[in-house]
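Please look through the structure shown below, beginning with its strands and then turning to its aromatic rings.

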Amino acid sequence: MGSLFSAAEDAAAADAPAAWRLGGDREERMRRTNAEEGGAVRWACRVDAVEPGSEAFEALRLTIDDERERARVLAFAKPADQQRARVSRVLVRRCARVGLVDAYEGVTRTARGKPYAVARGAPPHANFNFSVSHDGDYVLVASEPLALVGVDVCGGKERCEALSESLEPYKAAFSIEEWAAFFSGGVDLDAFLALWACKEAFTKARGDGLGFPFGDAEFTLTYRGGASFEANVAVDGATLPDWRFRGETLNDHVCVSARGPITDIVDGEGAFRRTMASQMPEGALDAPWPAFSTLTPRDLVPDARAAA
């Protein structure tokens, strides 16, 4: 039998910026060894590369090593929601296996729904953790070996069309200063996507997600040329110097990853917090920042399975 994945599916990443694409030795290393240096990755995968109900879709779904999560993929009524559910669950497990190697035991969730990796024995990275997000055409995952990590993608044709009419329903999610600076003159879609992705990445990293009042977190954006930017955050007027944010664009999506101190984890039961070391090593927040890479569905499964 031929490959489960067609040439068109392998080309699903062709619309990504060149800096995002895997290639050469780096691609070969990831495909053959599933290795990524240091436990820090930034991955993006299109959700529409494999159709629900296809053989390839089922092959990917069966790589999810949790029966309940496999069932949840099919519980969604809309094909698009099944696609996002499937890719996000496969992607985080691939990421966790790359980061934890033989120490990988599985992926579970906090009481608030934040997924996190469970390791056995002594994991190769003291504070390995990941974050996942999906919106529009993409699923993103980011991981860090030492610092807390959050990621968010915001955009896509459907979302952008809905936002183009009015941002008033979202006014409470922005500080007075943010609203005055970006939205007092009307809809600024680029600013909305950037700020919203920053707020989501921040709260996903912490673990409280939408339970955190977005309007209390005020972001300052500094563009680095083109549509790439860095950001700082203040909560209730106090700047948080130990948080770092970087944003990139992918077509009509904004993708933001965040780093922060593990002391800022919000985890009522403490299960996620117990997977982390007691202290974050000095310099972890300012370690080299990994670039985003675009993956295809073929990259998400073992080579032997993809070529079967």
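The paragraphs that follow describe a sheet, a helix that lies across it, and several contacts between side chains.

This is a predicted model, in which local features need pLDDT of at least 70 and side-chain atom pairs count only at pLDDT 80 or more, while totals for chains, interfaces and linings use all residues. Residues are numbered from 1 along each chain as its sequence is written, and side-chain values use heavy atoms, with hydrogens and water left out.

A good starting point is an open sheet of four strands, arranged in the order E4-E5-E1-E12 with mixed pairing. At its edges lie E4 and E12, each of which pairs on one side only. Neighbouring strands of this sheet are turned by 25° against each other on average, direction ignored. Helices (H or I, at least four residues) and strands (E, at least two) are DSSP runs, numbered from the N terminus; two strands pair if DSSP finds at least two bridges between them. Axes are lines fitted to C-alpha atoms, for helices over the stretch in contact, and angles run from 0 to 180 degrees between N-to-C directions.

Strand E4 (residues 129-135) is largely enclosed by the rest of the structure, because six of its seven residues are buried. Here buried means under 20% relative accessible area, exposed over 50%, and partly exposed in between (1.4 Å probe, protein chains only). E4 runs antiparallel to strand E5 (residues 138-144), and seven bridges join the two. One bridge partner can be named: Phe130 is matched with Ser143 in E5. The two strands form a hairpin with two residues between them, and Gly136 in the turn has a positive phi of about 60°.

Strand E1 (residues 41-46) pairs with E12 in the parallel sense over three bridges. Trp43 has Ser293 in E12 as its bridge partner. Thr294 also belongs to strand E12 (residues 293-295), and counts as buried because its relative accessibility is 4%. Thr294 and Cys45 lie 249 residues apart in sequence, yet their C-alpha atoms are 5.7 Å apart in space. Across E1, E4, E5 and E12 lies helix H5 (residues 79-100), which runs at about 20° to E5.

The aromatic side chains come next. The structure holds 18 aromatic pairs. Rings of Phe, Tyr and Trp (its six-membered ring) pair if their centres lie within 6.5 Å; planes under 30 degrees apart count as stacked, over 60 as edge-to-face and the rest as tilted. Tyr170 and Phe192 form an edge-to-face pair, 5.2 Å centre to centre with 70° between the planes. This pair links distant parts of the chain, with Tyr170 in the loop between helix H6 (157-163) and helix H7 (176-182) and Phe192 in helix H8 (residues 189-206), 22 residues apart. Tyr170 counts as partly exposed because its relative accessibility is 27%, whereas Phe192 is buried, with a relative accessible area of 1%.

A further edge-to-face pair is formed by Phe202 and Phe212, at 5.7 Å centre to centre and 85° between the planes. Both of these residues, Phe202 and Phe212, are buried.

Ring pairs also link residues into a cluster, including Tyr170, Trp179, Phe192 and Phe214.

Finally, two arginines meet rings. A charge sits over a ring if NZ of Lys or CZ of Arg is within 6 Å of the ring centre and within 35 degrees of the ring normal. The charged end of Arg46 sits over the ring of Tyr138, 5.4 Å from its centre, and that of Arg259 sits over the ring of Trp289, 4.4 Å from its centre.

Methods. Contact = heavy atoms within 4.5 Å.
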